[in-house]
Amino acid sequence: MIHLTVDGRAVEVPEGTLILDAAKEAGAEVPTFCYHHLMRPVAACRMCLVEVERRPKLEPACAVTVAEGMAVHTKSDRVLAARRGVLEFLLAQHPLDCPVCDKGGECDLQDNTMNHGRFRSRYEDPKIKKRKRVPLSDLVVLDEERCIVCQRCTRFMEEVVEDPQLALRQRGAYTAVSTFPGRPFDSLFSGNTIEMCPVGALTSRPYRFRARPWDNRTAESVCTHCPVGCNLAAQERDGSMVRVLSRENPDVDGGWLCDRGRFGYRWVHHPRRYLAPLGRERASRRETPLVWADALEQARAALKAAGPRTAVLGGGRLTAEGQMAARRLVEALGTELVDHRTGALRFATPPGPRARIADLDRADRILLLGVVPESDVPVLDLRIKAALRAGARLAVVGERRTLGERAAATALVPPRGLGAAVEALAEAVARPPAAAGAEGVEAVAQVVAEGERVVVLWSGEAGGAALARLVQALGERLVGTLVTGGAPSAQGAARAGLERGRAGEILAAAAQGDVEALVLLDDLFEDAPDPDLVRRALERVPFVLALAHLPTESAARADLVLPLAAPVEMSAHVVNLEGRVQPIAALLPPPGEARPDWEVLLDLAGAVADRDELVAAYRALPEPAFVAEEEEAPAPPPPGALVAVSGRIPFDSGVRWEEGLRTRLPRPYAAVHPDALARLGLRPGEAARLKGGGFEGEVEVRADDSLPVDSVFLPRGVIGLPAGRLHGLAVELEAVAAAAAAGEA
Amino acid sequence: MISEARRQKAMEIIRGFPQKSSAVIPLLHLWQDEEGYLSDDAIAEVAEIMGMPPAEVQEVVSFYSMFHRRPLGRYHIEVCRSLSCALMGGRDILDHLRRRLGVGLNEPTPDGLFSVGAVECLARCDLAPVGQVNLEYTDRLTPEGVDRLLADLRARAEGGGAGA
Amino acid sequence: MPEGGAATAFEPVLFKDIDTPELYRRQVYEAHEGYAALRRALGGEGSERMTPEAVLEEVRVSNLRGRGGAGFPTARKWQFLPPPDGGPRYLVCNADESEPGTFKDHEILRKNPHMLIEGMILAGYAMRATRGFIYLRGEFAQPKRVVDAAIREAYEAGYLGRDILGSGFDFDLSTYLGAGAYICGEETALLDSLEGKRGFPRLRPPFPAVAGLYGRPTVVNNVETLANVPAIVRRGGAWFASLGTERSGGTKIFSISGRVARPGNYEYPMGTPLRVLLYEAAGGPLPGRAFKAVIPGGGSAGLLVPSQFDLPMDFEPIAQAGSMLGSAGVIVMDDSTCMVRAATWLMEFYADESCGKCTPCREGTKWLEMALERIETGRGTPDDLELLQGLPGQILGNTFCGLGDAAVGFLMSAVRHFWPEFEAHVAEGRCPSGGDGR
Ligand SMILES: Cc1cc2nc3c(=O)[nH]c(=O)nc-3n(C[C@H](O)[C@H](O)[C@H](O)COP(=O)(O)O)c2cc1C
Ligand code: SF4
Ligand code: SF4
Ligand code: FES
Ligand code: FES
């Protein structure tokens with residue numbers, strides 16, 4: 001420990017502590033601009049200068065570490081003069097548009113001026129003209145005149161995202177932040193720069209002029225767009241959600257949000273939200289609003305009649321309370337026709353120990369099995385990069401390359417080849433190390449086998465039994481596995497036992513007429529491996545009940561719809577991929593008569609319980625056990641064929657409910673390796689006809705060199721593109737005649 | 001499109017450094033020497049060869065005063081405006097040139113023949129006032145000398161001669 | 001010596017043979033004791049091979065101090081390097097020479113590149129560097145061609161490359177051309193620039209000696225500093241030390257420019273009085289003129305007035321007089337010079353060259369430039385005068401790197417010595433000096 005005094009007060013802090021933090025410890029607040037606790041100091045703004053006895057110059061508290069016996073002064077005349085000087089300089093070129101600035105009320109420049117300025121503002125000087133309202137993307141807008149060149153935004157993109165789309169332009173007083181002409185700031189993490197900009201230079205386009213921070217009410221919530229479960233602060237004004245901010249949880253999100261999470265909140269105000277229970281007559285498709293009592297009555301009667309021949313599908317988007325209530329319903333019905341894995345997820349539970357997100361920080365090897373972090377668990381992409389910077393090595397097995405040259409070894413596998421590759425990997429790891437210069441799985445094995453703290457991220461889509469063997473081979477060296485697949489709270493659904501059968505088989509049975517009632521807890525179409533099968537099942541089952549927020553394709557086909565409250569409309573818990581149970585607090589009341597999921601499910605089960613009981617019961621459940629399951633080997637595709645591989649994308653058709661993300665709405669596309677593009681005679685951006693597995697449709701062609709040359713990538717969750725069904729099948733891709741393309745456009 | 005010859009040269013420059021990143025400024029010089037200025041395309045090309053995001057290459061370009069984002073005159077005449085030269089009349093020469101040619105700084109004459117720039121101390125202050133024509137030094141500038149220089153350059157251009 | 005000769009008797013070191021025709025060619029340089037030090041130290045010619053420690057010891061004894069501006073003892077800087085770990089170590093020659101009024105390195109590079117190259121090889125040997133770079137400012141395309149040719153010659157002669165003169169020492173050397181930025185003379189900004197970035201000064205620690213170029217141990221030395229090393233090795237550190245003052249060994253090249261009869265580079269012993277430089281070397285004022293003020297150390301230094309002309313030109317005495325020896329660029333102003341104008345011109349330079357990283361320099365230089373321009377053109381107000389009194393103190397000592405202090409050095413001294421001129425500009429709404437305004 002180091003002993004020092006700050007303004008005469010003695011403090012003791014660990015070696016390596018910044019003067020800034022030591023001062024805080026001593027109760028002295030040192031103002032800052034450029035310093036950000038999640039990034040390396042740059043000591044550029046000079047706001048934090050303090051006096052250190054026996055040193056000739058003032059020192060930046062944000063960059064200088066403490067030394068034994070140091071005497072620091074944060075309020076001496078010299079310090080106060082320097083501070084006033086810096087503020088005065090910053091204000092000299094600062095525009096006077098605070099009244100119309102979105103940052104008003106939470107601007108560090110305003111706050112620091114209020115607390116430390118107190119100088120009469122000096123003479124008006126002609127300000128240097130810079131550009132105002134420069135749209136950097138559809139989400140972020142820049143005001144160059146307000147920028148104080150703290151470099152937080154550029155450093156974030158360079159240091160944290162490792163994708164420097166933002167850079168400084170010019171020098172001296174003309175220095176400004178910018179992108180390259182014609183290239184948008186389209187990073188998936190762009191929104192973080194808005195939050196960390198200390199002034200109103202970077203602001204949110206969706207949030208623009210919507211509210212002033214002091215009018216906003218905040219509730220602590222959790223993002224439910226992906227399984228990471230980043231902590232966030234949701235804000236509303238006059239009953240309308242206005243924005244989402246990060247609520248740093250070092251164990252989960254490390255202080256960041258991705259743009260899907262940050263900008264994906266307006267769906268709760270979509271005009272087509274279900275506000276009341278709805279009955280639908282199949283033949284006429286006529287819809288009638290119902291009162292809850294009647295709707296529940298009707299539902300209970302139908303479910304009771306169907307009993308064990310009721311299927312319950314979905315559940316990976318429910319709250320933990322809802323998942324427990326669903327379990328009660330399943331028990332009451334005595335049905336085994338239950339599965340939350342309606343998409344590509346096959347194994348929600350990993351063999352061997354589970355990992356925690358924070359284990360990544362201490363890992364020396366990170367192994368990705370079929371996971372593309374940026375798409376599947378975006379914020380973990382940043383965490384993995386940080387771990388790699390700290391010295392961990394990355395090994396990748398997957399159908400797509402990911403994290404580029406950061407991977408020490410990559411084994412690219414053909415579509416549906418993950419299981420076989422993991423099998424080979426398990427064998428290779430168990431063998432003595434291969435000679436240097438190994439490739440593919442052998443190279444991956446080499447990287448992994450040298451590790452002492454291996455963390456595995458697994459899609460859970462294939463290779464369960466093989467992974468179990470790999471886990472065994474790694475033994476003590478494995479820290480644990482995180483399963484990234486499935487719906488955001490798939491881990492909670494698994495723990496609550498909502499996986500008694502197989503969604504595919506249940507739907508097949510339903511399509512055969514073997515199911516009498518179907519309870520839909522999710523939209524089945526979003527991730528469905530086979531949308532046709534879903535369609536047939538929904539037509540055949542006599543009673544379809546949907547619990548839903550919005551008229552999804554499934555809900556729009558149900559006989560009875562019960563409206564649910566959104567996560568920001570209830571106080572409950574959600575479960576993330578670690579199995580962490582995180583509380584969410586209600587920010588808004590549910591619209592109309594929508595109700596929390598657990599209440600509806602308890603009512604359906606005819607059970608009574610309160611929230612605390614449900615959560616306690618959830619926590620008391622044992623960890624689900626891994627069940628090894630045989631997987632059929634995929635039929636080898638015809639030689640030379642293009643084979644489809646599907647995967648998640650950050651902005652899928654779910655954004656159709658988000659007014660702030662309209663521009664991100666994906667059109668069906670197919671990505672192929674540039675070499676394959678050339679071979680097919682296609683150009684990026686062109687329209688092409690995609691054929692295969694009984695599907696035929698038009699897609700936009702994109703180039704993607706992360707793929708093997710004989711694969712076609714199809715995004716999941718895009719309406720009009722059955723990516724899941726085509727996954728692993730041979731497909732054809734041919735140019736649409738230019739004229740035809742023009743005609744259709 | 002980058003010509004094969006230039007790509008070769010670029011690769012040779014890159015190989016000359018222990019780390020690739022160092023090659024970006026030399027490559028920008030190479031592009032500017034051959035094209036006269038650095039267009040968006042030029043920056044994108046250098047970015048591609050360097051494997052750098054174009055925003056970062058642009059950052060480098062915009063920081064250094066010798067890189068130009070717009071075309072200059074065929075003869076770019078620069079005059080030092082720093083103290084030692086200014087004490088000996090350097091700024092008067094600069095004004096004289098701009099009046100003669102009727103242009104702003106770094107703005108080519110309509111015929112594209114000349115442009116005028118102001119530069120900081122060129123480390124030849126003993127010969128003040130100092131200037132450069134297409135980066136070759138010229139010194140002890142006087143208004144009359146500058147007029148002669150313009151006439152010579154014009155004659156050379158009309159004679160179809162190469163640059164300075 | 002350039003024309004004019006010097007009455008002061010001493011042995012020149014750097015300019016001993018400077019006006020020999022074609023000195024930049026290896027054979028000519030060799031005919032003037034060139035590479036003798038290298039052959040002796042590394043080749044063992046005429047005596048035993050010197051160890052790297054022995055070379056370093058000579059430099060230590062020589063009292064050689066950095067000629068880039070700060071006057072840091074050169075041997076001490078080399079000693080900061082950690083012990084070799086088998087990885088690369090770099091010696092970077094700072095040939096950015098952008099300090100207004102400084103043009104000494106330019107002459108060495110143009111006329112005697114081999115002296116620098118020999119110095120770099122010896123320095124590299126002493127610090128066990130594996131590779132050297134010469135960072136030339138972007139405008140030095142002509143000197144670059146000369147230096148590149150000399151480097152080729154040195155490779156051909158076996159002075160560079162592998163196992164130099166059988167010593168087992170490997171050393172590669174190449175030039176690098178900047179692209180126009182004064183800040184890249186600051187050694188850490190130089191390293192960023194050499195790594196292909198904008199030239200932003202770096203946070204220290206870590207110091208370049210520990211983590212410099214590409215994060216590896218690095219020494220940055222000025223051209224003139226390194227060019228002294230061959231003579232030190234050849235003649236001995238004690239000899240070199242004896243040429244200068246007690247604290248600063250050797251001679252110094254003074255670049256004299258501005259309003260003097262014979263501007264030019266003049267080599268004199270360290271500690272030579274300023275008056276000797278102004279009159280003996282540079283021939284006094286221009287005809288009919290009288291000296292008014294002199295900047296002794298490049299645009300970044302505060303001015304000295306005639307009553308201070310007897311000060312010895314050495315780091316400490318000039319610092320004590322409130323200025324600095326800096327790069328020893330001596331800029332002379334006479335009775336035709338308007339001090340407000342001079343201050344304006346200099347502030348334009350610093351505002352132009354501020355890298356933009358830190359607030360006081362980025363904003364302060366621009367603000368001062370605008371205020372000075374108003375005063376200088378007769379549009380100044382009493383408020384502007386107040387800015388000149390107040391803002392420099394808000395910059396001085398508070399910036400990230402030395403450029404901020406440099407930017408206000410001259411202004412603060414001009415305000416101190418010539419305040420009535422500033423006031424008169426505002427009071428009369430024009431430059432009161434009349435004259436030609438220079
Ligand atoms: C703003 C600024 C500009 C500088 N410019 C130069 C320069 O042009 N040439 C130079 O040799 N040193 C320059 N220096 C000094 C260098 O940072 C460094 O101290 C020097 O290169 C070290 O070499 P030396 O020890 O041989 O003097 C500059 C320093 C500052 C703060
Ligand atoms: S835009 Fe904001 S975060 Fe970026 S440098 Fe400017 S003030 Fe800092
Ligand atoms: S003082 Fe600051 S802005 Fe000025 S050059 Fe140094 S770091 Fe850049
Ligand atoms: S907060 Fe310390 S210098 Fe900016
Ligand atoms: S001031 Fe013009 S060359 Fe130095």
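**Close-up views of a predicted model**

**View 1. Secondary-structure elements around ligand 1.** In chain C, β4 (218–222) and α17 (402–428) each contribute at least two residues to the shell around ligand 1. The largest contribution comes from β4(C), which provides 3 residues. The structure shown here, as in every view below, is a predicted model.

**View 2. Residues and polar contacts at ligand 1.** The shell around ligand 1 holds 18 residues, of which C:Gly68, C:Lys77, C:Asn94, C:Asn222 and C:Thr225 come nearest. By class, the shell consists of 3 nonpolar, 9 polar and 6 charged residues. Oxygen atoms of the ligand pair with both backbone and side-chain atoms of chain C. At C:Gly68, a polar backbone atom is 2.7 Å from an oxygen atom of ligand 1. At C:Glu97, the distance from a backbone N or O atom to an oxygen atom of ligand 1 is 3.4 Å. For C:Asn222, an N or O atom of the side chain is 2.7 Å from an oxygen atom of ligand 1. On its own, ligand 1 has 610 Å² of accessible area, and the protein covers 88% of this.

**View 3. The shell around ligand 2.** Ligand 2 has 13 residues around it, and those that come nearest are A:Cys147, A:Cys150, A:Gln151, A:Cys153 and A:Cys197. The composition of this shell is 11 nonpolar, 1 polar and 1 charged.

**View 4. The shell around ligand 3.** Around ligand 3 there are 13 residues; C:Cys355, C:Cys358, C:Cys361, C:Thr399 and C:Cys401 come nearest. Here the shell divides into 8 nonpolar, 4 polar and 1 charged.

**View 5. The second largest cavity.** A search of the whole structure yields 9 cavities of 30 Å³ or more. The second largest of the cavities has a volume of about 170 Å³. Its lining comprises 16 residues, and the closest to the cavity centre are A:Val222, A:Thr224, A:Gly264, A:Trp267 and A:Val568. Three strands of chain A, β11 (217–222), β12 (231–237) and β13 (240–246), are the elements that give two or more residues to this lining. The lining of the second largest cavity is made up of 11 nonpolar and 5 polar residues, with no charged residue.

**View 6. Domains of chain B and a cis peptide bond.** Chain B is divided into domain 1, covering residues 4–63, and domain 2, covering residues 75–159. Taken over C-alpha atoms, the centres of domain 1 and domain 2 of chain B are separated by 28 Å. B:Ala128 and B:Pro129 are joined by a cis peptide bond with omega of about -10°. B:Pro129 is placed in the loop between β2 (114–119) and β3 (131–133) of chain B.

**View 7. A cis peptide bond in chain C.** The bond from C:Arg204 to C:Pro205 is a cis peptide bond, and its omega is near -5°. C:Pro205 belongs to the loop between α8 (187–194) and β4 of chain C. The strand at the end of this loop, β4(C), also gives the most residues to the shell around ligand 1.

**View 8. A positive phi angle in chain A.** A:Gln170, a residue other than glycine, has a positive phi, with a value near 60°. The loop that holds A:Gln170 runs between β8 (167–169) and β9 (176–178) of chain A.

How values were computed. Residues are numbered from 1 along each chain as its sequence is written. Chains are lettered from A and ligands numbered from 1 in the order in which they are written. This is a predicted model: local features need pLDDT of at least 70, side-chain atom pairs count only at pLDDT 80 or more; totals for chains, interfaces and linings use all residues. Side-chain values use heavy atoms; hydrogens and water are left out. Domain bounds come from an automatic or database domain assignment. A residue is near a molecule or strand if one of its heavy atoms lies within 4 Å of it. A polar contact is a pair of N or O atoms within 3.5 Å; within protein, one must be able to donate a hydrogen and the other to accept it, and residues adjacent in sequence count only if both atoms are side-chain atoms. Accessible areas come from the Shrake-Rupley method with a 1.4 Å probe; for residues, only the protein chains shown count as cover. Helices (H or I, at least four residues) and strands (E, at least two) are DSSP runs, numbered from the N terminus. Ala, Val, Leu, Ile, Met, Phe, Trp, Tyr, Cys and Pro count as nonpolar, Asp, Glu, Lys and Arg as charged, and the others, Gly among them, as polar. On a 1 Å grid over the protein atoms alone, a cavity is a set of points where a 1.4 Å probe fits but cannot get out, and a pocket is an open set with protein on both sides within 12 Å along at least five of seven lines; lining residues have an atom within 4 Å of a point. Grid points are joined across faces, edges and corners, and a volume is the space filled by probe spheres set on the points.
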